[in-house]
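Thanks for coming, everyone. I would like to spend a few minutes on some local details of this model, beginning with the backbone and ending with a pair of helices.

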Amino acid sequence: MLRRIATLPLVVLLLLAACSRSRETRSTIDAAVGAPVIIISVDTLRADHLAVYGYEKGQTPAIDMLRRDSILFRNAYSHCPMTLPSHVSLLTGRLPFEHGVRNNLGYSFDATRVPTLPASLKAKGYATGAAVSAYVLRGSTGLGSAFDWYDDELATRSNASVGELARPGNVTVERSIQWIDSQGDRPFFFLLHLFEPHAPYDPPEPFRSKLALAYDGEIATADSFTGAFIEHLKQRGIYDRALIIFLSDHGEGLGEHGEDEHGIFLYREAIHIPLLIKLPKQTRAGEWIDAPVQLADIYPTVAGLTGAQLPSGMKGVSIVGDISPDRSIYSESLMPRLHFGWSDLRSLIDRRHHFIEAPRPELYDVLADPGEKKNVIEENRRVYAAMRKALEPMKAEVTAPGAISAEEAAKLAALGYVGTVREASGDLPDPKDRIGDLTRMKEASQLERSGDINGALKTYRKLL
């Protein structure tokens, strides 16, 4: 009897804590209903190159400020190291094999077939708008039809340079501000996409001189545009009452596993992304969450907070409540197969292990080895077997890409993407064994653009 009495205070405290959290969640939802919803997507931004994730060589005062008002998610992951599939997952709450967009080229999105976050919010009376900074997210991919207003105004000549196929972020911010200001007091959902720090890295001053890495200079540039945008939201009285989500579509290789940019590999530098969620009135500011989360969680999170309708069958969950620490996040890369005839890659990552399915499979202990330098598959056969089994239901048949026009291929090639697609089958080589070929392809392409045709031909012949 005495033991039962002694435990009563603990039970009461636990119940009070649970009730307190429940009230907090209820008040958060009440504040978010009808609140402006804004997603800031910074292309190609590695989480570990931000100060809020422990990086000390950059300059990101705007993101640092936003973090102080936000929940920080330490282990957020993209489903694909490519821009278009990632943004479709973001807006649909579905994985690439579910929404059908598996690559930047050869696939389009059908907003009439797959429910979207902007459509759900529009049904709640929201105006929906987006402004994007690069051709890869042009409205004709199908994304434009998901919004009331979709600004993708870019020069699109077939021989356009990178600069003409991706506009500076400050221009996109200006267009975004114009649309937001035109909404008056009406609730709105807005997606702002900034292309910096995507390659080629060419930061303006003062960031070019201040930072040793040009990539970090590009991040600082994107941060300055983000800061200007947020400052306007504050001046207009929008910031405090808004739900603001800051994230990236994928990371960047920076040569750490032989890939300079992105699209081929699924190592953490390519799929570990920043994620900050600022709730209305800065509720839960300064908190952090360690549980694994994903881009597909954004739709159910926003829907849960705003009371928007949530379609059934989503893999994502709301991440502002309790999240299971035992989740596994799915990612895929079909670019090796579709563009080069190498094997495609798939992976599952949880709080401790990252399994990459390849002709030579890999398993990493990301707590002990966050840079994924040592394959520990031989020492962890049971973990490997369990994660391989868990991945099997996600290995959906790959629909062959559609036909690509020469003009479209040339435009994507100007942005650094290989401009042709094909459907490969059979026993395909491991991308780890062929990544050097991609480097030589880029070298040959640079020689060709510089006018050294003979040098380019010599390199191409070696590849053949």
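Lys-281 is exposed, because its relative accessible area is 65%, and in this predicted model the residue sits in the loop that runs between strand S9, residues 275–278, and strand S10, residues 288–289. What draws attention to Lys-281 is its backbone, since phi is near 65°, a positive value although the residue is not glycine.

Thr-44 also has a phi near 65°, again positive in a residue other than glycine, and its place is in the loop between strand S1, residues 37–42, and helix H2, residues 61–68. Is Thr-44 buried or exposed? Thr-44 has a relative accessibility of 0% and therefore counts as buried, whereas Lys-281, at 65%, counts as exposed.

As background for these backbone details, most residues other than glycine have a negative phi, and most peptide bonds are trans.

That brings me to the peptide bonds. Which bonds should we look at in the loop between strand S6, residues 188–194, and helix H8, residues 207–210? The bond from Glu-196 to Pro-197 is cis, with omega near 15°, and Pro-197 is placed in that loop. The bond from Ala-199 to Pro-200 is cis as well, with omega near 0°, and Pro-200 likewise lies between S6 and H8.

Now to the helices. The axes of H7, residues 169–182, and H9, residues 214–235, come within 9 Å and cross at roughly 15°, so H7 is roughly parallel to H9, and the crossing of the two is right-handed. On the H7 side, the residues that meet H9 are Gly-169, Asn-170, Val-173, Ser-176, Ile-177, Ile-180 and Asp-181, while H9 contributes Phe-225, Phe-229, His-232 and Leu-233. Sorted by class, this contact of H7 with H9 has six nonpolar, four polar and one charged residues.

Within that contact, I would like to dwell on His-232, which is found in H9. With a relative accessibility of 16%, His-232 counts as buried, because the cut-off for that class is under 20%. Which residues does His-232 touch, once its neighbours within four places in sequence are left aside? They are Ile-177 and Asp-181, both of which are listed on the H7 side of the helix pair. With Asp-181 there is, in addition, a polar contact of 2.9 Å that joins the two side chains.

Notes: Residues are numbered from 1 along each chain as its sequence is written. This is a predicted model: local features need pLDDT of at least 70, side-chain atom pairs count only at pLDDT 80 or more; totals for chains, interfaces and linings use all residues. Side-chain values use heavy atoms; hydrogens and water are left out. Axes are lines fitted to C-alpha atoms, for helices over the stretch in contact, and angles run from 0 to 180 degrees between N-to-C directions. Helices (H or I, at least four residues) and strands (E, at least two) are DSSP runs, numbered from the N terminus. Angles under 35 degrees count as roughly parallel, over 145 as roughly antiparallel, 65 to 115 as roughly perpendicular and the rest as oblique. A crossing is left-handed if the near helix is turned anticlockwise from the far one by less than a right angle, and right-handed if clockwise. Contact means heavy atoms within 4.5 Å. Ala, Val, Leu, Ile, Met, Phe, Trp, Tyr, Cys and Pro count as nonpolar, Asp, Glu, Lys and Arg as charged, and the others, Gly among them, as polar. Buried means under 20% relative accessible area, exposed over 50%, partly exposed in between (1.4 Å probe, protein chains only). A polar contact is a pair of N or O atoms within 3.5 Å; within protein, one must be able to donate a hydrogen and the other to accept it, and residues adjacent in sequence count only if both atoms are side-chain atoms.
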